[in-house]
Amino acid sequence: MKVFLSWSGTKSHKVALTLRDWLPSVIQSIEPYVSSEDIDKGARWSTDIAKELEDSGFGILCVTKDNLHAPWLTFEAGALSKKLEKSYVSPFLFDIKRSEINGPILQFQSTVHNQEDVLKLIKTINKACGDTKLSDEMVEKAFKAWYPTLQEELKK
């Protein structure tokens, strides 16, 4: 399953790249997409992004205080939620509290950057994988092994 990682701004981009590298360690069947890394040189970026938005089964919006109202983030959130029958769009809150969220992003169930909430996100992504999903036990075991790596990378 493809997971679209939406970002806007330097900090959000670093979070998206970290998640792009980390997510397949926990759930090997997912294919994360970050526009800055996954568009081939010479390709039409708008066409590539539109195709990925269409093909993705899950969207993660990397939200920071700096980009809460960024037009691009809002556009991609709308495109992902419009396409998906059951909206699997989760804002990943980094350096921002749920109480600070407003605007269109507020409609989505967000993920706070802490171990318990990130595990819930991983379980939801796994459930969205359908036939290729892992057992809950496998997900929890992989998450427990790889979560310290995520924490270490996000601290940077």
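The following legends describe close-up views of a predicted model.

**View 1. The five-stranded open sheet of the predicted model.** The strands of this open sheet follow the order 2-1-3-4-5, and their pairing is parallel. Strand 2 and strand 5 (111–112) form the edges, each pairing on one side only. Strands of a sheet pair through backbone hydrogen bonds, either parallel or antiparallel.

**View 2. Strand 1 and its partners in the sheet.** Strand 1 (residues 2–6) is largely enclosed by the rest of the structure, because four of its five residues are buried. Strand 1 runs parallel to strand 2 (residues 31–33), and three bridges join the two. Within this pairing, Lys-2 has Glu-31 of strand 2 as its bridge partner. Between these strands the chain passes through helix 1 (residues 10–26), and the resulting β-α-β crossover is right-handed. Strand 1 also pairs with strand 3 (residues 58–63), again in the parallel sense, over four bridges. There, Phe-58 of strand 3 is the bridge partner of Val-3.

**View 3. The largest nonpolar core.** This core comprises 28 residues, of which Leu-19, Trp-22, Leu-23, Ile-60, Phe-92, Ile-122 and Ile-125 touch the most other members. At least two residues of the core come from each of strand 1, helix 1, strand 3, helix 5 (115–128) and helix 6 (136–155). A second core, separate from this one, has 18 residues, including Leu-53, Leu-73, Leu-93 and Ile-101. In soluble globular proteins, nonpolar side chains tend to be buried together.

**View 4. The surroundings of Phe-92.** Neighbours within four places in sequence are left aside in this view. Phe-92 is in contact with Val-15 and Leu-19, and with the run Ile-60, Leu-61, Cys-62 and Val-63. Further contacts of Phe-92 are made with Thr-111, His-113, Val-118, Leu-121 and Leu-154.

**View 5. Helix 5 across the sheet, with Asn-126.** Helix 5 lies across strand 1, strand 3, strand 4 (89–93) and strand 5. Relative to strand 3, helix 5 runs at about 155°. Asn-126 is located in helix 5. With a relative accessibility of 2%, Asn-126 counts as buried. Beyond its neighbours within four places in sequence, Asn-126 is in contact with Ile-27, Lys-133, Leu-134 and Val-139.

**View 6. Ser-35 in helix 2 and its contact with Trp-7.** Ser-35 belongs to helix 2 (residues 35–38). Its relative accessible area is 15%, so Ser-35 is buried under the cut-off of 20%. Not counting residues up to four places away in sequence, Ser-35 touches Trp-7 and Ile-49. The side chains of Ser-35 and Trp-7 make a polar contact at 3.3 Å. Ser-35 and Ser-90 are 55 residues apart along the chain, and their C-alpha atoms are separated by 18 Å.

**View 7. Asp-95 in the loop between strand 4 and strand 5.** Although Asp-95 is not a glycine, this residue has a positive phi of about 65°. Asp-95 counts as partly exposed, because its relative accessibility is 30%.

How values were computed. Residues are numbered from 1 along each chain as its sequence is written. This is a predicted model: local features need pLDDT of at least 70, side-chain atom pairs count only at pLDDT 80 or more; totals for chains, interfaces and linings use all residues. Side-chain values use heavy atoms; hydrogens and water are left out. Buried means under 20% relative accessible area, exposed over 50%, partly exposed in between (1.4 Å probe, protein chains only). Two strands pair if DSSP finds at least two bridges between them. A crossover is right-handed if, with the strands pointing away from the viewer, the path from the first strand over the helix to the second runs clockwise. A nonpolar core is a set of buried Ala, Val, Leu, Ile, Met, Phe, Trp, Tyr and Cys residues joined through side-chain atoms within 4.5 Å. Contact means heavy atoms within 4.5 Å. Axes are lines fitted to C-alpha atoms, for helices over the stretch in contact, and angles run from 0 to 180 degrees between N-to-C directions. A polar contact is a pair of N or O atoms within 3.5 Å; within protein, one must be able to donate a hydrogen and the other to accept it, and residues adjacent in sequence count only if both atoms are side-chain atoms.
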